[in-house]
Amino acid sequence: MKKILIMLSFFVLIVSCGKLEDLNKNIKDPASVPGETLFTNAQRRVMNQMVSSNVNVNIFRLITQYWTETTYTDESNYDLTTRTIPDGVWDLFYINALKNFNESSKVITATPLGTSSQEVQANKLAIIEVMEVYCYDVLVETFGNIPYSEALDINKPLPKYDDGLTVFKDLLVRLDAAIAKLNSGFGSFEGADNMYGGDVALWTKFANSLKLRMALVLADKDGATAKAAVEAAAPKVFTSNADNAKIVYQSAMPNTNPIYVDLIASGRHDFVAASTIVDTMNSLNDPRLPFYFTQKSGAYIGGVNGASNDFLAYSHVADLIQTPAFPGTLFDYAEVEFLLAEAVERGYTVGGTAAGHYNNAVTASIEDWGGTALDATGYLANLRVAYATAAGTWQEKIGIQSWIAYYNRGFEAWTQFRKLDFPLLVAPPDALSPLPLRFTYPIEEQTLNGDNWKAASTAIGGDAVDTKLFWDKN
């Protein structure tokens with residue numbers, strides 16, 4: 001009997017040890033993640049960032065005076081530091097987007113092909129590269145000099161900052177290389193791609209459209225490089241709204257449109273329409289007004305930019321935009337046509353006329369928002385809208401109409417405003433800083449990467465919101 005008890009005790013000890021070892025295993029998180037999943041997550045993070053209205057990470061609608069605030073007005077008055085907004089943008093792109101894209105590329109490269117082909121793998125890697133270029137482009141246009149060559153190097157915890165112009169030109173080279181590798185005869189991410197469903201032909205158009213936009217950002221700084229890139233990209237860009245880079249959100253959390261989360265699910269009433277855009281659209285009898293805003297007492301009334309506005313006294317964000325499944329847009333055909341109009345005015349050979357591309361852009365915007373071709377025709381017949389008769393230089397005509405069209409795409413509107421200097425946005429009377437032309441570097445960079453932060457700040461002319469970046473020459 002004693003022998004039996006000893007054997008049973010030994011058996012229990014062995015089983016108990018096994019269970020103790022199991023306690024050290026993480027059974028909830030996967031030991032490895034497919035590269036496609038990493039891509040999906042990074043893509044979603046980027047889209048959410050560009051769409052979001054959360055004042056901790058995206059205040060571009062406030063900077064460009066599409067919306068203004070009610071109770072809390074810090075962001076409308078250009079306080080970037082209270083909520084450490086630059087830190088949020090910086091971390092999102094470096095940690096949640098670029099790091100995941102980089103790891104996705106590594107995993108896909110190392111994964112045996114299986115039933116996939118080398119061409120499909122090559123397409124996936126090229127698409128990741130396009131998205132990485134997009135992310136770095138946003139960072140350069142936001143901050144100026146940024147960590148780049150050492151940014152994702154685990155052995156470089158305190159990366160140096162690279163010259164913004166050097167980074168920008170390298171991004172164009174990388175984009176060209178990625179475009180050359182895209183082969184529309186084969187697939188790519190399929191369902192893991194929430195923007196184009198793996199359609200490589202559409203990714204090729206997106207990459208060329210991104211090249212067009214980036215080149216024109218560079219136009220006032222390096223006209224020769226810009227001209228060559230624009231003329232190479234122009235024949236291969238978006239040709240209709242069917243090409244628009246969008247993600248359709250879902251009706252249930254957590255995959256709803258971030259604006260729904262910020263404005264409806266949160267139960268908050270933080271924003272009203274800004275008088276800056278409402279007054280402009282009212283004066284032009286713009287047919288997009290009902291798609292952008294609600295009416296107040298039968299009219300569209302914008303709040304005072306930067307003031308504490310009564311939520312009940314002014315027009316609100318249109319109900320359509322606040323629905324859970326409303327699509328997020330990363331890039332659209334209207335923007336491409338405005339860029340082509342600009343290219344013509346700069347003397348680049350892209351085909352067509354400035355007026356023709358301008359008309360296409362306005363029409364595309366109106367139709368994409370739910371208006372009709374007849375609405376667009378009537379609007380373009382307005383002497384204050386028609387390209388031949390609208391007031392001002394080409395910069396003013398394109399600047400104002402693109403600003404109206406980029407509503408709900410605040411970052412693109414901010415870059416366009418800085419490039420063309422239209423519309424004429426005026427800082428609120430109680431603004432805590434000048435109207436931002438860049439974001440200051442994150443506080444965490446000042447404390448953790450101080451030497452490189454100081455060098456970068458000196459190189460760009462000072463870490464201030466009104467420091468003009470290398471491409472903002474006017």
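Tutor: A cavity is a set of points on a 1 Å grid over the protein atoms alone where a 1.4 Å probe fits but cannot get out. Its volume is the space filled by probe spheres set on the points, joined across faces, edges and corners. This is a predicted model, where local features need pLDDT of at least 70, side-chain atom pairs need 80 or more, and totals for chains, interfaces and linings use all residues. Numbering starts from 1 along each chain as its sequence is written, and side-chain values use heavy atoms, without hydrogens and water.

Student: What is the volume of the second largest cavity?

Tutor: The structure holds two cavities of 30 Å³ or more. The largest has about 100 Å³. For the second largest, the volume is about 40 Å³.

Student: Which residues line the second largest cavity?

Tutor: Lining residues have an atom within 4 Å of a point. Here they are Ser53, Val55, Asn58, Ile59, Arg61, Leu62, Trp67 and Phe271.

Student: Which element gives the most to the lining of the largest cavity?

Tutor: This lining has 13 residues; among the closest to the cavity centre are Arg213 and Glu412. Helices (DSSP runs of H or I, at least four residues, numbered from the N terminus) H5 (118-143), H7, H12 (333-345) and H16 (410-420) each give two or more. With five residues, the top giver is H16.

Student: Is Leu210 buried or exposed?

Tutor: Leu210 sits in helix H7, residues 200-217. Beyond neighbours within four places in sequence, Leu210 contacts (heavy atoms within 4.5 Å) residues including Val130, Leu175 and Phe331. Buried means under 20% relative accessible area, exposed over 50%, partly exposed in between, with a 1.4 Å probe and protein chains only. Leu210 has 0%, so it is buried.

Terms used
1 Å grid on protein atoms, 1.4 Å probe; cavity = no way out; pocket = protein on both sides within 12 Å on 5 of 7 lines; lining within 4 Å.
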